[in-house]
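Here are my notes, in the order I'd go through them with the model open in your viewer. Have a look and shout if you read anything another way.

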Amino acid sequence: MDTQAFEWMMKHEGVPSEEAYGAYLAADGLCHHAENASMSERVRVSGFGRVRPVGDVEAHKAALVGHGPLSVSISANHMSLLFYSNGVYYEKQCGNGEADLDHSVLLVGYGQLDGHDYWLVKNSWYQEKSGNMPKSEAF
């Protein structure tokens with residue numbers, strides 16, 4: 001799902017830094033990235049890969065520890081996710097087939113709570129009265 005984004009970043013020699021890009025607008029439409037951002041203001045992507053085998057928990061843990069945060073896709077079409085506020089999110093109807101995955105998030109960690117494994121992800125959907133803010137969630 002996110003392969004096209006990485007290919008775009010490599011083709012355009014990176015993406016603007018957060019400062020150069022500006023505030024998140026929370027609006028549909030084209031990106032407002034700064035075409036004129038100098039290369040020193042851009043974050044470059046030199047390559048990307050896939051964690052194999054797909055869906056392998058241990059392979060994802062090893063890639064996370066060895067390479068840092070991972071872009072992963074989740075099934076985000078459940079109303080329960082829209083109303084999630086804190087704690088470990090669980091949706092028994094959540095699918096993990098390719099057709100189910102419709103939203104990318106940043107996998108930043110993992111752990112165990114009360115005998116249950118979870119993934120810690122950063123998502124950009126969250127809004128507060130003070131503005132749009134990234135939110136970390138546990139799945």
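1. Let's start with one residue: leaving aside its neighbours within four places in sequence, which residues is Ala63 in contact with? They are Val51, Gly68 and Leu70. Keep in mind throughout that this is a predicted model.

2. Ala63 and Leu70 also turn up together in the largest nonpolar core, which has twelve residues. The other members are Leu64, Val72, Ile74, Ala76, Leu81, Tyr84, Tyr89, Val105, Leu107 and Val121. As general background, nonpolar side chains in soluble globular proteins tend to be buried together.

3. Where does that core come from? Helix H3 (57-67), strand S3 (70-74) and strand S4 (103-113) each put in at least two of its residues. S3 is the top contributor, with three.

4. On to the rings: there are three aromatic pairs in the structure. In one of them, Tyr84 meets Tyr89 edge-to-face, at 5.8 Å centre to centre and with 85 degrees between the planes. Both tyrosines are on the core list as well. Tyr84 counts as buried because its relative accessibility is 12%, below the 20% cut-off. Tyr89 comes out at 8%, so Tyr89 is buried too.

5. Another of the pairs is Tyr110 with Trp119, again edge-to-face, with 6.1 Å between centres and 70 degrees between planes. Are these two buried or partly exposed? Tyr110 is partly exposed, because its 38% lies between the 20% and 50% limits. Trp119, at 23%, is partly exposed for the same sort of reason: 23% also falls between those limits.

6. The strands tie several of these residues together. S3 and S4 pair in the antiparallel sense, over five bridges. If you want a spot to check in the viewer, Ser73 stands opposite Ser104 in S4.

7. S4 pairs with strand S5 (residues 116-123) as well, antiparallel over seven bridges. Here the partly exposed ring pair comes back: Trp119 in S5 is the bridge partner of Tyr110. So Tyr110 and Trp119 are linked in two ways, through the backbone bridge pairing and through their edge-to-face rings.

8. Last, the turn. The hairpin of S4 and S5 has two residues between the strands, and Asp114 there takes a positive phi near 50 degrees. That one is easy to find on a Ramachandran plot, if you'd like to look at Asp114 yourself.

How values were computed: Residues are numbered from 1 along each chain as its sequence is written. This is a predicted model: local features need pLDDT of at least 70, side-chain atom pairs count only at pLDDT 80 or more; totals for chains, interfaces and linings use all residues. Side-chain values use heavy atoms; hydrogens and water are left out. A nonpolar core is a set of buried Ala, Val, Leu, Ile, Met, Phe, Trp, Tyr and Cys residues joined through side-chain atoms within 4.5 Å. Buried means under 20% relative accessible area, exposed over 50%, partly exposed in between (1.4 Å probe, protein chains only). Helices (H or I, at least four residues) and strands (E, at least two) are DSSP runs, numbered from the N terminus. Contact means heavy atoms within 4.5 Å. Rings of Phe, Tyr and Trp (its six-membered ring) pair if their centres lie within 6.5 Å; planes under 30 degrees apart count as stacked, over 60 as edge-to-face and the rest as tilted.
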